[in-house]
Structures are given as structure tokens and as C-alpha cells.
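Q: Got a minute to walk through this structure with me? I'd like to start with the strands and then jump around.

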Amino acid sequence: MNTPAFTQDELKAQVGRAALAYVEKGSIVGVGTGSTVNKFIDALAELKGEIRGAVSSSVASTERLRALGIPVFDSNEVEELAVYIDGADEIDGQGNMIKGGGAALTREKIVAAQSRKFVCIADASKRVQVLGAFPLPVEVIPMAAQRIIRQFARMGGVAQVREKDGVALVTDNGQHIVDVSGLRITDPRAFEAEVSQWPGVVTVGVFAFQRANVCLLGTPAGVETLVYD
Ligand code: 5RP
């Protein structure tokens, strides 16, 4: 029998649905941001009578959750979440990720940090050996952007301020995003620790301290479950 060929959109829908198995009844769920998470949110609506609600990592996800009748809590109202479900731009063999392609990395890292388990949902194109082929998003205070760009240049990276409609994109937190190409991040924890302490860096899009515990990877052969701990 031939292996069914799924579109990337179908793979995203499959992993979004598969993530429902990690949602505990009666719980508040941590919800990420992006096109894969949108599939998860749509599937989560079927369980809305069985969960208390969600803590969301972006204005976009909050709007989608509320439109489907899922209550959204402020992260300060909830001490700990059992699970955080989010996508990734890249994920390596240890569950370290690059995130922030949707500019939501700061709130994503905050919600991930208050969750006991991070379940990454991604199509197979996101799996890499070494992080860095995807331009690394870094949320920055605007007045520090050019100095941070020069610091990345000293590391061999080529960075630029992300634009939307011809002007610098403004995040949900009122800050800018710098995207850095040309990096090869062989020690994600050391990299995240170093860049996080540069003045003006709000959040670096390397998720090593908040790495995934599980990845549900959409492959042509179906959903593969990768466990990292
Ligand atoms: C948003 C993110 C997303 O999780 C990441 O960009 C993946 O998005 P998609 O599921 O649309 O490919 O980090 O800031």
C-alpha cells in the first residue's frame, strides 16, 4: 500500500489533534501561538466543557480561544500548568528549540516556564540536527536594537530588525524583533544563557531552559512521538 502524502497543513492538523491526549480533564491548559497551534485550538474547542480554560501566549491565540468559547486566564492568576502545547520553528534531538517566528516568543517562554510539561507540535520539516538554519528571533528593547545587531555580527550572525508593512514590527509587548541568520547553535543552553544577559534583550528565541519534554512530529507515516526525558 502506498504511504498517504499529506500536505503540511494536514500534518499540522494531525499533531494539533494528537496533542489533545495531553490535556488533563478539569485543567487549565497552556496554549502557544502559530499555525500549528491554531489547529490545536480548533480541536481543543471540542473539549471545552471538560477543561477550565487556557493561559495564552499571544493576543492572536487569546482571540481565537475566546471566539471558540474557551475561557482565557491571565498567567498571574495561575500558579502552575500541567501542560503547555506549542509549535516550534526548529527542534533538535534533545528537544531544544528555536521559536518566535510568530513574534510571540516572550510570552511563550513565560507560559512554558510555568508549565510542568512542554509538548511541542510540529511537522517533520522542523526537525534539525543543529539549531540555526532558521533565522533566530530575539525580542529587543528598540533603543538597543543596533548594538545587539553588532553583537551578533561579532558572533558571525547577520541580524536585522523584522518589519511588517514597511515598518518595524511591534510585538504584543510593545518591543521589536531582531532576526539573526548565519548562526550554528551547538550548545543551546550556553547560547541562551549568554544572549539573555545582553542589555536590551527581552527574550532570545532559543528554548533550551524551557525545552520540549515531548514532540508530536507530523510525518508522512503519521504522528511520531519523541520523548526527551
Ligand atoms: C510563534 C512561534 C511558533 O510556535 C513557531 O513560529 C511555529 O509556528 P507555525 O506552527 O506557524 O509553523 O514560536 O512565535
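**Strands, helices and two odd residues**

A: Sure. Val138 stands opposite Val204 in β13. Keep in mind that this is a predicted model.

Q: How many bridges join β8 to β13 there?

A: Three bridges join β8 to β13, which covers residues 201-204. The two strands run antiparallel.

Q: And β12, in which sense does it pair with β8?

A: β8 and β12 pair in the antiparallel sense. Five bridges link them, and β12 spans residues 176-181.

Q: Which residue in β12 does Val140 stand opposite?

A: Val140 stands opposite His176 in β12.

Q: Is β8 buried or exposed?

A: Buried. β8 runs over residues 136-140, and five of its five residues are buried, so the strand is largely enclosed by the rest of the structure.

Q: Which residues sit on each side of β8?

A: Leu136, Val138 and Val140 are on one side. Pro137 and Glu139 are on the other. Both faces are covered.

Q: OK, new topic. At what angle do the axes of α2 and α3 cross?

A: Roughly 20°. The axes come within 10 Å of each other. Helix α2 is residues 35-44, and helix α3 is residues 59-67.

Q: What does that make them, parallel or antiparallel?

A: Angles under 35 degrees count as roughly parallel. α2 and α3 are therefore roughly parallel to each other.

Q: Left-handed or right-handed crossing?

A: The crossing of α2 and α3 is right-handed.

Q: Which residues meet between α2 and α3?

A: From α2, Val37, Asn38, Ile41, Asp42 and Leu44. They meet Ser61, Arg64 and Leu65 in α3.

Q: What classes are in the contact of α2 with α3?

A: There are four nonpolar residues, two polar and two charged.

Q: Switching again. What is the phi of Ala103?

A: Phi of Ala103 is positive, about 70°, and Ala103 is not a glycine. Most residues other than glycine have a negative phi.

Q: Where is Ala103?

A: Ala103 is in the loop between β6 (97-98) and α4 (105-113).

Q: Is Ala103 buried or exposed?

A: Ala103 has a relative accessible area of 12%. Buried means under 20%, so Ala103 is buried.

Q: What about Asp165, what is its phi near?

A: Phi of Asp165 is near 55°. That is a positive value in a residue other than glycine. Asp165 lies in the loop between β10 (163-164) and β11 (167-168).

Q: Does Asp165 count as buried or exposed?

A: Exposed. Relative accessibility of Asp165 is 76%, and the cut-off for exposed is over 50%.

Key. Residues are numbered from 1 along each chain as its sequence is written. This is a predicted model: local features need pLDDT of at least 70, side-chain atom pairs count only at pLDDT 80 or more; totals for chains, interfaces and linings use all residues. Side-chain values use heavy atoms; hydrogens and water are left out. Axes are lines fitted to C-alpha atoms, for helices over the stretch in contact, and angles run from 0 to 180 degrees between N-to-C directions. Helices (H or I, at least four residues) and strands (E, at least two) are DSSP runs, numbered from the N terminus. Angles under 35 degrees count as roughly parallel, over 145 as roughly antiparallel, 65 to 115 as roughly perpendicular and the rest as oblique. A crossing is left-handed if the near helix is turned anticlockwise from the far one by less than a right angle, and right-handed if clockwise. Contact means heavy atoms within 4.5 Å. Ala, Val, Leu, Ile, Met, Phe, Trp, Tyr, Cys and Pro count as nonpolar, Asp, Glu, Lys and Arg as charged, and the others, Gly among them, as polar. Buried means under 20% relative accessible area, exposed over 50%, partly exposed in between (1.4 Å probe, protein chains only). Two strands pair if DSSP finds at least two bridges between them.
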